[in-house]
Every structure is written in structure tokens, then in C-alpha cells.
Amino acid sequence: MVKLLIFTLGSFVVSFALAPLLIKLLYKFQIREEIRRSGPPTHLVKQGTPTMAGLIIVLSVAFISLTFNLSRSETYLPIFALLTAGALGAIEDLYKIYYKSLIRSGKELGGAG
């Protein structure tokens, strides 16, 4: 139980340290949330906030678990599931960003434009 608390605290510290760096990179590369105008008005406040910040949690938990908990074979399946879900989320976010940039530039997907 103490080991679990130490891993949790370690993940928190790593996440806290990585957050400013990742957020700076997300702003630099303009990886930001785009909100549909037809959606609820309460969602408009999220316009322009960095997206893909879930990478902080995924990477810190995976790093701490794989670095300090290698002796337990039960760790590999949950870490694999975490990394897979994180990768799918990142792919979906990147697709949204790429697709919206195509729309803004006037190009269509699959077209000759």
C-alpha cells in the first residue's frame, strides 16, 4: 500500500514538472481546442485551450510504473492499456487538428483541391 502511494506521489511530481513544458510546446505548435459554434454556448470558453494535455498523465504514470515497478508482471497489461488509450486519444486529437486546418485552408479531404 505504501509503495502504491509512493508511485502515485511520484507520478504527480513528474506530471507537475512536465506540465509547463508540454503546455508551452502545445501553444508553440498551436495545438489548441476548436469548439463547434453549433454546440452549447458554455463550451465556447474552452476555445483555444491546449489539447492533448492528457499526455502528461499517460507519460508520467507509464514512466514511474515502468521505471520503479519492473519486478511485477501484472504491471505490463495495465500500462499497455494506458499507453494504447493515450495513443488513440492523441491520434484522434491530431486528426481533429489536421482536419480543421484543411477546412480553414479551403482544401477538402479526398478531393483534388
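Which element supplies the largest share of the lining of the largest pocket? The answer is α1, and we will come back to it after a look at the overall fold.

## Overall architecture

This is a predicted model. Its secondary structure comes to three helices and zero strands, so-called α-α-α when the pattern is read along the sequence. The protein has 113 residues, and buried ones make up 22% of them.

Let's turn to how the chain meets itself and its surroundings. Taking the contacts between residues at least 6 apart in sequence, 49% join residues at least 24 apart. The protein exposes about 8500 Å², with carbon and sulfur atoms supplying 71% of that area.

## The nonpolar core

In soluble globular proteins, nonpolar side chains tend to be buried together. Here, the largest nonpolar core has seven residues: Ala-19, Leu-22, Leu-26, Ile-31, Met-52, Ile-56 and Ala-90. Helix α1, which spans residues 2-28, gives the most to this core, with three residues.

Leu-26 is a good place to zoom in, as a member of that core. Setting aside neighbours within four places in sequence, Leu-26 is in contact with Ile-31, Pro-50, Thr-51, Met-52 and Ala-53. Among these partners, Ile-31 and Met-52 also belong to the largest nonpolar core.

## The largest pocket

The largest pocket has a volume of about 270 Å³. It is lined by 15 residues, and the closest to its centre are Leu-4, Phe-7, Ser-65, Asn-69 and Arg-72. The elements giving two or more residues to this lining are α1, α2 (54-68) and α3 (76-105).

That brings us back to the opening question: α1 provides the largest share of the pocket lining, with five residues. Sorted by class, the lining of the largest pocket has seven nonpolar, five polar and three charged residues.

## The enclosed cavity

Rolling a probe the size of a water molecule over the atoms shows where empty space is left. In this model, the count comes to one cavity of 30 Å³ or more. About 70 Å³ of space lies in the largest cavity.

Which residues line the largest cavity? They are Arg-32, Glu-33, Glu-34, Thr-51, Asp-93, Lys-96, Ile-97 and Lys-100. By class, this lining has six charged residues, one polar and one nonpolar. Thr-51 may look familiar: this cavity-lining residue is also one of the contacts of Leu-26.

Methods. Residues are numbered from 1 along each chain as its sequence is written. This is a predicted model: local features need pLDDT of at least 70, side-chain atom pairs count only at pLDDT 80 or more; totals for chains, interfaces and linings use all residues. Side-chain values use heavy atoms; hydrogens and water are left out. A nonpolar core is a set of buried Ala, Val, Leu, Ile, Met, Phe, Trp, Tyr and Cys residues joined through side-chain atoms within 4.5 Å. Buried means under 20% relative accessible area, exposed over 50%, partly exposed in between (1.4 Å probe, protein chains only). Helices (H or I, at least four residues) and strands (E, at least two) are DSSP runs, numbered from the N terminus. Contact means heavy atoms within 4.5 Å. On a 1 Å grid over the protein atoms alone, a cavity is a set of points where a 1.4 Å probe fits but cannot get out, and a pocket is an open set with protein on both sides within 12 Å along at least five of seven lines; lining residues have an atom within 4 Å of a point. Grid points are joined across faces, edges and corners, and a volume is the space filled by probe spheres set on the points. Ala, Val, Leu, Ile, Met, Phe, Trp, Tyr, Cys and Pro count as nonpolar, Asp, Glu, Lys and Arg as charged, and the others, Gly among them, as polar. Accessible areas come from the Shrake-Rupley method with a 1.4 Å probe; for residues, only the protein chains shown count as cover.
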